[in-house]
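This report walks through selected features of one structure, from the surroundings of its ligand to helix packing and the backbone of its loops. Please keep the sequence and the 3D view at hand while reading.

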Amino acid sequence: MTAELLNGREIAKSYRAGLAEEVEKLKNLGITPNLTVVIVGNDGASLSYVRSKNKAAEKIGMASDIIHLDSDITESELLDTIDRLNSDDAVNGILVQVPLPEQISEEKVLEAIAPYKDVDGFHPMNIGRLYTGQRTFVPCTPLGIMELLKHTGSLEGKDVAVIGRSHIVGQPVAKLLTDQHATVTLMHSRTQGMIEKLKNYDIIVSAVGAPGLVTGAHLKEGAIVIDVGNTVVDEKLVGDVDFESAKEVAGFITPVPGGVGPMTITMVLNNTLLAAKWHNG
Ligand code: GUN
């Protein structure tokens, strides 16, 4: 069997076309959604992510600013910047690219972002609201994964293994899958016999950052494979899944790059649009 490709680039493109229409409608009402991205320092990968988000926002008609701060900035200077953005009515979404330099507490900074502008969905209040089922900003990678899975059919009753228990991906995606009536097992580095167990699952979501962790030999025939890994090996981006062997067994599979990545950026835009709508009643 050769798996069907879950092409994140294509799915993102058509999703963004829908967002562009929504942006146009808001602009006709005099509202231009604005995403402001804050980056500290000059890490190449982070700068490239930030530019992609900025360009993607502008491409669908949003306004987008990048605030680029020196790597030796103090925590209080960064907090002042966030305060200023919190009280700027023209700014709908604030995203502070992580990781931050070590003199700055990521926790403090993420908590300083006004929850109603937190388009990353990283603020503890928004994380809490996700678990209580209230309206909130859902973290972008989990949201993007759920959008990809819409192209595979119903999730009801499916057995899902989520590998990796981070606050940003593993835990929230487990919650979203459960909401769609899947039965979820959250696996991690202490899970016993993890790799052997994977054969029991209809869907595998791997979010570890361990190239080659999952291969075709580990999969149930026809399984849906979502690869969230993005590790740079020999200057190339690789996922957690050995694509070549997995595609021979899986029913659906995401490539890396071009799978989950474009969906994450799309969901930043989605959340910024929601922020603009919510700010304006
Ligand atoms: N660094 C890597 N991924 C992300 C992300 O989704 N949001 C932010 N703010 N920083 C990141």
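The ligand in this predicted model is surrounded by L95, V96, Q97, V98, D120, C140 and T264. Sorted by class, this shell consists of four nonpolar residues, two polar ones and one charged one. Several of these shell residues return below: V98 takes part in a cis peptide bond, and C140 is among the buried residues of helix α6.

**Helix packing around α10**

Helix α10 (residues 260-279) is packed against both α1 and α2, and the two arrangements are set out in the table, with a fuller description after it.

| Helix pair | Axis distance | Angle | Handedness |
|---|---|---|---|
| α1 (residues 8-28) and α10 | 9 Å | about 15° | left-handed |
| α2 (residues 44-59) and α10 | within 10 Å | roughly 55° | right-handed |

The axes of α1 and α10 pack at an angle of about 15°, and because angles under 35 degrees count as roughly parallel, α1 is described as roughly parallel to α10. On the α1 side the contact is made by G8, R9, I11, A12, Y15, R16, L19, E22, V23 and L26, while α10 contributes V260, G261, P262, M263, T266, L269, N270, L273 and A276. The residues of this contact divide into twelve nonpolar, four polar and three charged.

For α2 and α10 the axes cross at roughly 55°, which makes α2 oblique to α10. Here S52, K53, A56 and A57 of α2 meet I265, V268, L269 and T272 of α10, and by class this contact has five nonpolar, two polar and one charged residues. L269 of α10 appears in the contact with α1 and also in the contact with α2.

**The covered helix α6**

Helix α6 (residues 140-149) is mostly covered, with nine of its ten residues buried. The buried residues are C140, T141, P142, L143, G144, I145, M146, L148 and L149. Their cover includes the helices α1, α7 (170-179) and α10, together with the strands β7 (203-206) and β8 (224-227).

**Backbone features in the loops**

Two peptide bonds that lead into proline are cis. One joins V98 and P99 with an omega of about 5°, and P99 is found in the loop between β4 (93-96) and α4 (106-112). The other runs from V256 to P257 with omega near -5°, and P257 lies in the loop between β11 (252-253) and α10.

Positive phi values also occur in residues other than glycine. H181, placed in the loop between α7 and β6 (183-187), has a phi near 70°, and H181 is classed as exposed because 11 other C-beta atoms lie within 10 Å, where 12 or fewer is the limit for that class. E235, in the loop between β9 and β10 (236-238), has a positive phi of about 65° and is likewise exposed, with 5 other C-beta atoms within 10 Å.

**V233 in strand β9**

V233 is located in strand β9 (residues 231-233) and is exposed, since 9 other C-beta atoms lie within 10 Å. Which residues does V233 contact once its neighbours within four places in sequence are left aside? These contacts are P211 and V238. P211 is 22 residues from V233 in sequence, and the C-alpha to C-alpha separation of the pair is 8.6 Å.

Key. Residues numbered from 1 in each chain as written. Predicted model: local features only at pLDDT ≥ 70, side-chain atom pairs only at ≥ 80, totals over all residues. Near = placed C-beta within 6 Å. Nonpolar A, V, L, I, M, F, W, Y, C, P; charged D, E, K, R; others polar. Axes fitted to C-alpha atoms, helices over the stretch in contact; angles between N-to-C directions. Helix = DSSP H or I, 4+ residues; strand = E, 2+ residues; numbered from the N terminus. Parallel < 35°, antiparallel > 145°, perpendicular 65-115°, else oblique. Left-handed = near helix turned anticlockwise from the far one by under 90°. Contact = placed C-beta atoms within 7 Å. Buried ≥ 20, exposed ≤ 12 C-beta atoms within 10 Å, placed from the backbone.
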